[in-house]
Each structure stands twice: as C-alpha cells, then as structure tokens.
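Student: I have a model open on my screen and would like to learn how to read its pockets and its backbone. Could you walk me through it?

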Amino acid sequence: MTPDSPLTEQLGDIERALRAELSQAQNEDALEDVRVRFLGRSGEITAVRRTIGKLPAGERPGAGRIINDAVAEYETLFERRREELAREALEERLRQAIDVTFPGIPPLVGSIHPIRRTMDDLLAYFERRGFAVVVGPEIESDYNNFDALNIPPDHPAREGLDSFYLRPDLVLRTHTSPMQIRVMQRNPPPLAIVVPGRVYRRDALDARHLYAFHQIEGLLVAPGVHLGHLKGALTGMCREVFGPQQSVRFRPSFFPFTEPSAEVDTTCPACGGAGCRTCGGSGWIELGGAGMVHPSVLREVGYDPDVVNGWAFGVGIERVAFTRHGMDDIRAFVENDPAVLEQLA
Ligand code: DAH
C-alpha cells in the first residue's frame with residue numbers, strides 16, 4: 001500500500017469532504033449529523049472498511065492501519081470543531097451579557113439627612129454670631145433635666161407618663177434645656193451657646209409625633225440682655241432657613257425655667273401667613289418655647305441675677321424641617337425610605 005494508492009486517495013477525498021462539512025456545521029446537532037454520515041455504522045468509513053475484504057490477505061493489516069490512522073485524524077478534526085463551536089457560543093453569550101451600549105445604573109449617591117441639614121443651617125446662623133456649639137448626654141440626671149430648671153417634683157412633666165426613666169434619678173432627657181445647667185455650672189458668664197441634640201418623650205407615634213426627636217437649645221447670658229435680643233435672634237434664624245419675608249411672634253406662655261415665657265411662632269412659609277393646610281389656617285407655625293432665664297435657674301448655677309440675665313429658647317428641628325419640605329407625615333424622617341430621602345436631598 002503506497003501513499004497514492006486508491007485507498008489513501010479515497011481517504012483523502014473523505015477528509016476533504018469532512019473538513020468542508022465540519023466548517024458548515026454551526027452547532028452540536030449538525031456536528032453529530034456529520035459524524036453519523038462519516039463515522040457511523042452505515043457511514044463512509046464503514047464503506048471503506050468493507051473494501052479491505054477484497055484486498056489480497058497480505059495487504060489487509062496495512063490497509064486496516066491506514067484506515068484506523070485516518071479515523072483517528074477525523075476524530076481530532078471533530079474534536080477541534082466542537083471546541084471551536086463551544087468557544088464561539090461562549091463568546092456570543094459574553095457579548096450579550098456585556099452590552100456596552102446599555103444605559104448604566106447610576107450609583108446611589110448619599111445625601112445629608114434633612115434633619116441634620118436643617119440642624120446645621122440653624123446652627124450656622126448662631127455660629128457666625130459667635131455662639132459655641134456644645135453637645136451633652138442623652139441620659140440625664142433628673143436634677144439637670146428637672147430640678148435645676150425650676151421644675152418642681154410635683155410638676156406634670158416629671159411624671160413617668162411623659163418621660164423614659166432608666167432609674168429613679170436617671171432619665172432620657174425630655175429636652176435640651178439641661179445643657180443650660182451643665183454649661184453654666186462649669187463656665188462663668190458671659191456665655192452664648194447653641195445645643196443640638198436628640199430628646200425623648202413618651203408620646204404615641206403618629207403623623208405629627210415621634211418619641212425621639214431633635215431640638216436646638218439656645219442660651220445667651222450677659223449683663224443687660226433683654227427680650228428684644230431674643231426676638232431678633234429668632235427672627236434672624238427663621239429668615240436664614242425660610243427666607244427674608246419671615247416674621248416671628250411671641251405668644252405669652254409658661255415654662256418653669258423662664259420668666260417671662262413665650263411660645264415662638266414664625267410666618268407659615270407655605271402660605272406666607274395667609275392661612276393654609278400646613279399651618280391649619282392660622283398663618284403661623286409653632287417652633288418651640290423661649291423666654292428670659294428664670295432668676296432661680298441663674299441662682300442655682302451660682303450666677304447673680306442682679307448682675308447678669310439671659311434669654312433661652314428650645315426649637316423643635318423636626319417641626320422646622322417638616323415645614324421646610326412641605327411634608328405631611330413626620331415619620332418619614334425615621335423611616336428613611338431612600339426614595340423619600342432622595343426627594344428631600
Ligand atoms: N425645653 C422646652 C421644651 O422642650 C422648650 C423651651 C422653652 C426651651 C423655653 C427654652 C425656653 O430654653 O427658654 O418644651
């Protein structure tokens with residue numbers, strides 16, 4: 001048997017045909033089809049094998065080897081085509097998985113929480129005027145939270161109903177006012193401070209009440225301080241946050257730690273004072289309490305009320321932020337739904 005014998009020629013023809021068909025086969029099924037036609041039991045190779053029987057006995061083993069070698073070569077061709085198809089299929093899948101023309105998902109960018117932002121804006125107004133920003137503990141002695149602020153033991157604010165008591169003498173502060181005591185006890189007058197912080201009350205949660213909320217306390221103590229200074233400061237603060245058209249009004253009120261005392265309102269920014277849903281038709285939004293520091297409080301911290309006096313205020317931050325953003329449910333501040341926060345950012 002020589003390389004150009006009829007058998008090798010025949011096998012060469014088969015190989016050429018096989019190569020052509022393999023390159024046409026575009027998937028596993030088509031490939032299998034080709035295999036059956038060439039290597040299958042009634043395929044081309046079987047037909048070639050049958051011709052061995054017609055050869056002289058001496059040539060048969062050689063012819064058998066040549067056919068086996070050819071079959072091994074065909075198997076290799078099949079295997080190569082199979083790998084090629086698999087690689088193409090993978091590349092196609094990757095092309096689909098990474099579509100660079102597809103619009104991207106914008107990254108979530110954080111923002112400052114509306115409560116923090118309102119707090120910062122209010123504080124900035126006072127910081128620019130030389131007030132020191134101080135913070136204190138949320139767990140307070142009932143002395144600082146109540147007694148020293150002239151709130152007697154039988155005062156309703158001291159009942160467990162309104163406050164979270166941790167021990168008979170320890171309470172989650174119900175307001176930021178105890179910081180007045182802490183700061184005055186440690187520093188001689190004059191002083192000017194603002195105190196941002198979280199406070200706690202046993203209120204039922206609803207659209208207008210949280211049991212943990214934020215206040216800013218303000219305190220200015222110096223000789224000759226009067227109510228006009230207080231009103232000027234609060235008016236400036238409201239104009240900073242809501243705009244230059246804001247007014248502030250004082251309504252006579254009572255707090256044990258101030259005399260006189262006032263509830264502080266500012267022009268409803270939603271309607272400019274005409275009356276609307278936000279302000280319940282009154283044209284005013286309540287911000288908190290204020291007044292002239294009570295002489296008993298000054299005496300309690302060792303100050304002489306005949307030499308210095310002071311004003312103080314406590315403003316609810318949620319109330320301000322709520323009004324600022326025209327919201328209708330205060331719980332949105334603590335639920336922290338990203339969609340809502342994004343809107344408020
Ligand atoms: N501490 C009061 C409260 O939480 C608010 C307040 C009223 C604070 C009058 C003051 C003040 O500093 O002078 O309801």
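Tutor: Happily; we will take the pockets, then the ligand, then a few points along the backbone. Keep in mind that this is a predicted model.

Student: How does one find a pocket in the first place?

Tutor: The general idea is simple: rolling a probe the size of a water molecule over the atoms shows where empty space is left. In this structure, the largest pocket has a volume of about 920 Å³. It is lined by 39 residues, and R201, F213, Q215, F255 and G288 are the closest to its centre.

Student: Which element gives the largest share of the lining of the largest pocket?

Tutor: That is β9, with six residues. Each of β6, β7 (248-255), β8 (258-267), β9, β10 and α10 (317-324) supplies at least two residues of that lining. Sorted by class, the lining has 17 nonpolar, 13 polar and nine charged residues.

Student: And where does the ligand sit?

Tutor: In the largest pocket. Three elements give two or more residues to the shell around the ligand: β6 (212-222), β9 (284-293) and β10 (309-316). You can find β6, β9 and β10 again among the elements that supply the pocket lining.

Student: Which residues around the ligand come nearest?

Tutor: There are 15 residues around the ligand, and H175, S177, R201, Q215 and E217 come nearest. By class, this shell has five nonpolar, eight polar and two charged residues.

Student: I would like to look at individual atoms. Where should I point the cursor?

Tutor: Try the oxygen atoms of the ligand. A polar side-chain atom of E217 lies 2.6 Å from one ligand oxygen atom, and a polar side-chain atom of Q180 lies 3.1 Å from a ligand oxygen atom. The backbone takes part in the list too: a polar backbone atom of A312 is 3.2 Å from an oxygen atom of the ligand.

Student: How much of the ligand's exposed area does the protein bury?

Tutor: Taken alone, the ligand exposes 350 Å², and the protein buries 90% of that.

Student: What is the volume of the second largest pocket, and which residues line it?

Tutor: The second largest pocket has a volume of about 200 Å³. Its lining includes L108, V109, G110, S111, I112, H113 and P114, together with P338, L341, E342 and A345. Helix α12 (residues 338-344) gives the largest share, three residues. By class, there are seven nonpolar, three polar and one charged residues in this lining.

Student: Now the backbone. What should I look for there?

Tutor: Look for exceptions to the usual pattern: most residues other than glycine have a negative phi, and most peptide bonds are trans.

Student: Which peptide bonds are cis here?

Tutor: One of them runs from P189 to P190, with omega near 0 degrees. P190 is in the loop between α7 (178-186) and β5 (191-200). Another cis peptide bond joins E259 and P260, where omega is about -5 degrees. P260 lies in strand β8, and β8 also supplies at least two residues of the lining of the largest pocket.

Student: And what is phi of N150?

Tutor: Phi of N150 is near 70 degrees, a positive value in a residue other than glycine. To find N150, go to the loop between α6 (142-145) and β3 (165-167).

Note on methods
Residues are numbered from 1 along each chain as its sequence is written. This is a predicted model: local features need pLDDT of at least 70, side-chain atom pairs count only at pLDDT 80 or more; totals for chains, interfaces and linings use all residues. Side-chain values use heavy atoms; hydrogens and water are left out. A residue is near a molecule or strand if one of its heavy atoms lies within 4 Å of it. A polar contact is a pair of N or O atoms within 3.5 Å; within protein, one must be able to donate a hydrogen and the other to accept it, and residues adjacent in sequence count only if both atoms are side-chain atoms. Accessible areas come from the Shrake-Rupley method with a 1.4 Å probe; for residues, only the protein chains shown count as cover. On a 1 Å grid over the protein atoms alone, a cavity is a set of points where a 1.4 Å probe fits but cannot get out, and a pocket is an open set with protein on both sides within 12 Å along at least five of seven lines; lining residues have an atom within 4 Å of a point. A molecule sits in a cavity or pocket if more than half of its atoms lie within 2 Å of its grid points. Helices (H or I, at least four residues) and strands (E, at least two) are DSSP runs, numbered from the N terminus. Ala, Val, Leu, Ile, Met, Phe, Trp, Tyr, Cys and Pro count as nonpolar, Asp, Glu, Lys and Arg as charged, and the others, Gly among them, as polar. Grid points are joined across faces, edges and corners, and a volume is the space filled by probe spheres set on the points.
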